[in-house]
Amino acid sequence: MTDGIVRVEGNTLRLPGGVAVRFVRTLRLPESGTHPLPPGLGEFPVRRVADFPDTVPEAWRARGGVMLPVYLREAMWLSFAGTARPAALQVGVGKVCAVSGEPWSDRLSRDPQNYLVLPRQPWLDGINSGSGTVRQFVAVPLGLGATVEGQVTGEEMWGGVQLRSFPLAPEALARWREAERRRALLSARRRVPPGAGFGGPPAAAPLPAPSAPLGAGGPRAAVAMGLGVGGSMRQEVYADERPVTDWAEEPAGRVFVHLVTPPEWRRITGEAPPPSPVDRAAYTGAGLPWFDYYDQDADDLAPTAALEAVEPVGAWLGDDHEPWTPPEDHQVKPLGDPAGKPVEDGDW
């Protein structure tokens with residue numbers, strides 16, 4: 001993609017430079033302990049803000065982008081499967097970098113690193129907490145101070161998720177293409193097909209959803225939602241092995257992802273939201289898989305002080321009373337390396 005436009009294909013966001021991003025529903029982890037990767041339970045539906053000018057809030061029309069429905073305390077992860085070529089991807093949660101904890105920046109930085117390296121990074125389940133772990137993305141309404149944005153900046157102005165992609169600079173891209181050409185020739189001579197790249201954890205068939213959404217008795221949800229943090233899981237955020245000069249100085253594209261409560265989703269779009277989150281005890285009790293992924297050849301980024309200080313959403317919404325059944329050892333599966341409509345950008 002060279003036109004500088006973000007597009008939606010199904011529920012996949014395609015940013016310039018061949019970056020593919022999907023938002024995946026998953027099981028919410030307990031806020032204590034460190035856990036395997038939870039499974040994917042289907043994609044969140046993604047719709048363009050521009051398609052609903054008469055029903056979205058005015059501020060959303062100004063920011064453009066896309067929206068998706070999410071329940072209070074529902075967890076998600078970002079999949080980058082299908083990314084075509086190397087890219088640096090910035091991920092913001094309320095315009096706070098999910099990798100560095102620094103304010104949203106128009107430039108790539110290495111001290112601390114404020115971006116992910118794709119396709120080396122196959123997915124991201126939460127904010128970087130270092131030592132081979134992340135803390136799970138969990139949806140909460142704005143106004144409580146429970147979001148990463150609220151805890152790091154002291155304000156909740158933005159919410160949602162922000163994405164910005166940087167391609168390789170022309171010389172670095174030419175070197176990469178030559179290396180890929182040589183690798184393809186070598187693979188053909190050996191009659192071995194080239195690697196397919198990274199993929200996310202296999203999606204598991206969802207169980208019947210409970211009759212009420214998680215947190216139904218909690219504080220009244222607002223229209224705008226942001227991301228706080230939940231439990232910790234084993235996942236690395238990889239350090240970039242390239243010099244920062246290998247990346248373009250200017251981003252190729254960006255998009256604002258608005259998070260909306262299911263009732264507001266129905267009001268805005270006229271569509272039924274997804275069923276409420278799957279009960280994790282029932283999922284584990286049924287013997288369905290969790291996942292473990294580790295890349296011994298890559299360096300994990302250390303946590304930053306800003307993100308280390310972020311507290312889980314239970315500190316605002318109360319204890320998690322959902323029963324926790326840890327998976328048996330045989331349920332944890334090891335993992336190896338694994339043209340849509342344009343989206344309007346706005347002022348944010």
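Tutor: Let's start with a term: a polar contact is a pair of N or O atoms within 3.5 Å, and within protein one must be able to donate a hydrogen and the other to accept it. Keep in mind that this is a predicted model.

Student: Okay, which side chain makes a polar contact with the side chain of Arg 164?

Tutor: The cut-off is 3.5 Å. At 2.8 Å, one side-chain pair of Arg 164 meets it. The partner side chain belongs to Gln 90.

Student: And how far is the backbone oxygen of Ser 105 from a polar atom of the Arg 164 side chain?

Tutor: Here the Arg 164 side chain faces a backbone atom, the oxygen of Ser 105. Ser 105 is also among the residues that Arg 164 touches, along with Trp 104 and Asp 106. The distance from that oxygen to the polar side-chain atom is 2.6 Å.

Student: Is Arg 164 buried or exposed?

Tutor: Look at where Arg 164 sits: in strand S14, residues 161–167. Buried means under 20% relative accessible area. Arg 164 has 2%, so the word for it is buried.

Student: How far apart in space are Arg 164 and Ala 88, C-alpha to C-alpha?

Tutor: In sequence, 76 residues separate the two. Even so, Ala 88 is on the list of residues that Arg 164 touches, which also includes Leu 15, Leu 89 and Pro 251. From C-alpha to C-alpha, the separation is 8.3 Å.

Student: Let's switch to strand S8. Why is S8 largely enclosed by the rest of the structure?

Tutor: Check both faces: Ala 75, Trp 77 and Ser 79 are on one side, Met 76 and Leu 78 on the other. S8 is largely enclosed because, of its five residues (75–79), the number buried is five.

Student: Which residue in S13 stands opposite Ala 75?

Tutor: S8 is joined to S13, residues 133–141, by two bridges, and the strands run antiparallel. S8 also pairs in the antiparallel sense with S11, where the partner of Ser 79 is Trp 123. For Ala 75, the residue opposite in S13 is Val 138.

Student: Which S8 residue is the bridge partner of Arg 25?

Tutor: S3, residues 19–26, pairs with S8 in the antiparallel sense over five bridges. The S8 residue we want is buried, and it is listed with Leu 13, Val 21 and Phe 23 among those with the most contacts inside the largest nonpolar core. The partner of Arg 25 is Met 76.

Student: How many residues does that largest nonpolar core have?

Tutor: Leu 163 and Val 257 are also among its residues with the most contacts. The count for this core is 49.

Definitions and conventions. Residues are numbered from 1 along each chain as its sequence is written. This is a predicted model: local features need pLDDT of at least 70, side-chain atom pairs count only at pLDDT 80 or more; totals for chains, interfaces and linings use all residues. Side-chain values use heavy atoms; hydrogens and water are left out. Buried means under 20% relative accessible area, exposed over 50%, partly exposed in between (1.4 Å probe, protein chains only). Helices (H or I, at least four residues) and strands (E, at least two) are DSSP runs, numbered from the N terminus. Two strands pair if DSSP finds at least two bridges between them. Contact means heavy atoms within 4.5 Å. A nonpolar core is a set of buried Ala, Val, Leu, Ile, Met, Phe, Trp, Tyr and Cys residues joined through side-chain atoms within 4.5 Å. Lists of a residue's contacts leave out its neighbours within four places in sequence.
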